[in-house]
Amino acid sequence: MNIKKKNMKVILLKDIENIGKKFEIKEVKNGYARNFLFPKDMAKPATKEALKWLETQREILEKKAEEQLKKVESTVSTIDGLELIITAKVGDKDELFEKINSQKISDKLKEMGYEIKKTQIGLEKPIEKLGEYPVKISFEDNLEAEIKIIINPEETKKEEKEE
């Protein structure tokens, strides 16, 4: 008796390790598709209707990706070359009482209307002294911007009396 193991083509609805990425068409064993992928909404049969649906989904994703890229490019061009002034309390030797880290820079950028996560900020180590520091900001699609962080001393309200 000749038993053939049949395969079927499916459209993946999610990324599945060792099989493929979302919206790829893959050939898998019938049992695996029916008993595992379909019940868990991880795939659907690659019928003519499903292939048309897939094409529509890909077009939608492509448009979203283009819009996202334009948004990121706009942010990069706006933020590139920006000078960010941060005031901090300073000790005798121009050393800061509080180090300036990626989170503080991110918070300051958010105050200015830029949604930049601290993980995007390429600060090797926290800033400890007054001065100007170039800092790279990484975006999706390998885009980068460079801003200048300027650390100024906080004005103290001590009035010096001369006698």
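This report describes the strands, the salt bridges and one charged surface patch of a predicted model.

The model is predicted, so local features need a pLDDT of at least 70 and side-chain atom pairs count only at pLDDT 80 or more, while totals for chains, interfaces and linings use all residues. Residues are numbered from 1 along each chain as its sequence is written, and side-chain values use heavy atoms, with hydrogens and water left out.

**The sheet**

Helices and strands are taken here as DSSP runs, numbered from the N terminus, with at least four residues (H or I) for a helix and at least two (E) for a strand. Two strands are said to pair if DSSP finds at least two bridges between them. With these terms in hand, the model shows an open sheet of 4 strands in the order β4-β9-β8-β6, and its pairing is mixed. Its edge strands are β4 (83-88) and β6 (121-122), each of which pairs on one side only.

Going through the sheet from the β4 edge, β4 and β9 run parallel and are joined by 6 bridges, with Leu84 standing opposite Ile149 in β9. Ile149 in β9 is also the bridge partner of Tyr133. Strands β8 and β9 run antiparallel and are joined by 8 bridges; they form a hairpin with 5 residues between them, and Asp141 in the turn has a positive phi of about 60°. At the other edge, β6 and strand β8 (residues 131-138) pair in the antiparallel sense over 2 bridges. There Ile121 stands opposite Ile137 in β8, and Ile137 in turn has Ala145 as its bridge partner in β9.

**Salt bridges**

Side chains of opposite charge can pair when their charged atoms come close. A salt bridge is counted where a side-chain nitrogen of Lys or Arg lies within 4 Å of a carboxyl oxygen of Asp or Glu, and a search of the whole structure finds 6 of these salt bridges. The table gives three of the pairs.

| Lys | Glu | Closest N to O distance |
|---|---|---|
| Lys26 | Glu24 | 3.8 Å |
| Lys99 | Glu128 | 3.4 Å |
| Lys136 | Glu146 | 3.2 Å |

The pair of Lys99 and Glu128 links distant parts of the chain, since Lys99 is in strand β5 (residues 95-100) and Glu128 is in strand β7 (residues 127-129), 29 residues apart. Lys136 lies in strand β8 and Glu146 in strand β9 (residues 144-153), so this pair ties together parts that are 10 residues apart in sequence. In addition, Glu83, Glu132 and Lys148 are linked in a network of salt bridges.

How open these side chains are can be described by relative accessible area, where buried means under 20%, exposed means over 50% and partly exposed lies in between (1.4 Å probe, protein chains only). Lys26 counts as partly exposed because its relative accessibility is 28%, and Glu24 counts as partly exposed at 29%. Lys99 is partly exposed with a relative accessible area of 45%, and its partner Glu128 is partly exposed at 40%. Lys136 is partly exposed at 40% relative accessibility, as is Glu146 at 36%.

**A negative patch and a loop residue**

A negative surface patch is formed by Glu55, Glu59, Glu62, Glu66 and Glu67. Such patches are made of residues with over 30% relative accessible area and no salt bridge, like charges being joined within 9 Å and nonpolar side chains (Val, Leu, Ile, Met, Phe, Trp, Tyr) within 5 Å. Asp and Glu count as negative and Lys and Arg as positive, while His and the chain ends are not counted. Glu67 is found in helix α2 (residues 48-79), and Glu67 counts as exposed because its relative accessibility is 55%.

Asn101 has its place in the loop between β5 and α3 (102-111), and Asn101 is partly exposed, with a relative accessible area of 30%. The C-alpha atoms of Asn101 and Ile79 are separated by 19 Å, and these two residues are 22 residues apart along the chain.

Key
Areas by Shrake-Rupley, 256 points an atom, 1.4 Å probe, with all protein chains shown as cover. Charge placed at Lys NZ, Arg CZ, Asp CG, Glu CD.
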